[in-house]
Amino acid sequence: MREDGMSTVLGARLETDEIPEDRAAVLIAEMVAGKGVEMHTAKTGRCNLYSTHHGIAVINTAMIDKINLASEAIAVATVRPWTVVQAGDSVASIKIIPFSISAQLIANLAANLAATVYPAAPLSVAPFVHHRVALLVTDSELVQDNVIDRTVDATRQRLAAVGSTLDSVLVCHHETEQIKSALLQAVSTGCDLLLVSGASVTKDRCDVIPKAMSEIGGVIHHFGMPVEPGNMLLMGELNRIPVLCIPGCARSARENGLDWILRRMAAKLPVTSKDIMLMGVGGLIDRKRREDHDEPSSHA
């Protein structure tokens with residue numbers, strides 16, 4: 001170094017109770033990573049986590065927050081909850097900010113997490129499981145000729161994105177008795193999931209499609225969701241087969257509330273009425289800009 005003209009060397013000597021940044025990053029990564037997540041070699045205080053398969057990121061935000069709140073020296077960044085990932089995709093990055101970190105801090109954090117009862121690891125990736133899906137489309141004189149074809153195409157694309165297939169398509173008139181017969185025929189195909197696209201959007205639990213379901217022993221679990229587009233989704237069950245009466249926006253392949261439900265179902269994750277009602281924060285998928293001629297709200 002002298003020969004290269006260097007006169008000063010700056011360095012850091014760790015205290016006896018400090019852990020080097022790379023080792024500390026690995027220890028934090030081990031606390032974070034759950035099923036479906038693999039850890040790569042740490043470098044410069046950073047350890048990245050990757051998905052091992054195609055699936056959906058399941059994140060316990062309370063645990064991630066607890067780790068980040070333990071010290072400014074620890075930074076854990078993840079993908080957004082319920083993000084669809086492929087095998088090899090990055091799902092989290094753990095960075096130790098200084099060159100080292102207190103061993104006691106690591107020990108305290110580990111003990112704190114172990115003492116807290118959580119239903120799952122801070123971060124895991126639930127793999128998509130192939131589902132055989134049936135689609136029932138109701139028709140009427142008001143439906144344009146190409147609507148059914150577009151609905152089938154969009155549904156097939158939507159299912160392929162979560163590792164499932166559209167195995168059967170049934171069409172009937174938008175009338176209670178015909179819908180009842182078609183619903184029973186659809187579930188008899190051995191499908192794992194039934195999607196129903198109405199000629200007219202379902203308005204309430206007493207509308208034609210939910211009424212038909214109820215009259216043949218089906219159960220309506222939830223109607224409506226705080227996701228736009230996708231508000232008018234209905235979730236139920238018939239002969240133990242999950243049934244989703246899809247909103248009108250699902251005739252298009254553009255993202256909507258149906259996708260949020262399908263992703264969880266395709267990964268065999270439970271979707272309850274409460275789960276749906278808690279989707280409102282971030283649920284505005286399609287943001288509309290107020291036109292210049294729109295009158296501002298008096299409550300603005």
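The lining of the largest cavity divides into seven nonpolar residues, two polar ones and no charged ones. This cavity belongs to a predicted model, and its volume is about 40 Å³. The count of cavities of 30 Å³ or more comes to one. Its walls are made by His131, Val133, Leu159, Val162, Ser164, Leu193, Leu262, Met265 and Ala266. Helix H7 gives the most to this lining, with three residues.

Open spaces come next, and H7 returns here. The largest pocket holds about 870 Å³ of space. It is lined by 24 residues, and those closest to its centre are Ile59, Pro81, Trp82, Arg264 and Met279. Two elements give two or more residues to this lining, namely strand E4 (55-59) and helix H7 (257-266). In chemical terms, the lining of the largest pocket comprises 16 nonpolar, three polar and five charged residues.

The second largest pocket offers about 160 Å³. Around it stand His131, Asp192, Leu193, Pro242, Met265, Lys268, Leu269, Pro270 and Val271. Six of these lining residues are nonpolar, one is polar and two are charged. Readers following individual side chains may like to note that His131, Leu193 and Met265 appear in the lining of the second largest pocket and also in that of the largest cavity.

Turning to the fold, four strands form an open sheet in the order E2-E3-E7-E5, with antiparallel pairing. Strand E2 (37-39) and strand E5 (74-78) stand at the edges; each has a single partner strand, so one side of each is left without a neighbour in the sheet. From one strand to the next, the twist averages 20°. Within the sheet, strand E3 (residues 46-51) and strand E7 (residues 90-96) are joined in the antiparallel sense over five bridges. Cys47, for instance, has Ile94 of E7 as its bridge partner. In general, strands of a sheet pair through backbone hydrogen bonds, in either a parallel or an antiparallel manner.

A helix accompanies this sheet. Helix H1 (residues 21-32) lies across E2, E3, E5 and E7, and runs at about 140° to E7. H1 also packs with helix H3 (residues 103-115), at an angle of about 0° and with the axes 11 Å apart. Angles under 35 degrees count as roughly parallel, and H1 and H3 are therefore roughly parallel to each other. On the H1 side the contact is made by Ala24, Leu27, Ile28 and Met31, and on the H3 side by Ile106, Leu109, Ala110 and Leu113. By residue class, this contact of H1 with H3 consists of eight nonpolar residues, with no polar and no charged ones.

Two details of the backbone complete the picture. Most residues other than glycine have a negative phi, and most peptide bonds are trans. Against that background, a cis peptide bond joins Glu228 and Pro229, with omega at about 5°. Pro229 sits in the loop between strand E13 (219-223) and strand E14 (234-238). The other detail concerns Arg240, which is not a glycine but has a positive phi of about 70°. Arg240 is placed in the loop that runs between E14 and strand E15 (241-246).

Technical notes
Residues are numbered from 1 along each chain as its sequence is written. This is a predicted model: local features need pLDDT of at least 70, side-chain atom pairs count only at pLDDT 80 or more; totals for chains, interfaces and linings use all residues. Side-chain values use heavy atoms; hydrogens and water are left out. On a 1 Å grid over the protein atoms alone, a cavity is a set of points where a 1.4 Å probe fits but cannot get out, and a pocket is an open set with protein on both sides within 12 Å along at least five of seven lines; lining residues have an atom within 4 Å of a point. Grid points are joined across faces, edges and corners, and a volume is the space filled by probe spheres set on the points. Ala, Val, Leu, Ile, Met, Phe, Trp, Tyr, Cys and Pro count as nonpolar, Asp, Glu, Lys and Arg as charged, and the others, Gly among them, as polar. Two strands pair if DSSP finds at least two bridges between them. Axes are lines fitted to C-alpha atoms, for helices over the stretch in contact, and angles run from 0 to 180 degrees between N-to-C directions. Contact means heavy atoms within 4.5 Å. Angles under 35 degrees count as roughly parallel, over 145 as roughly antiparallel, 65 to 115 as roughly perpendicular and the rest as oblique.
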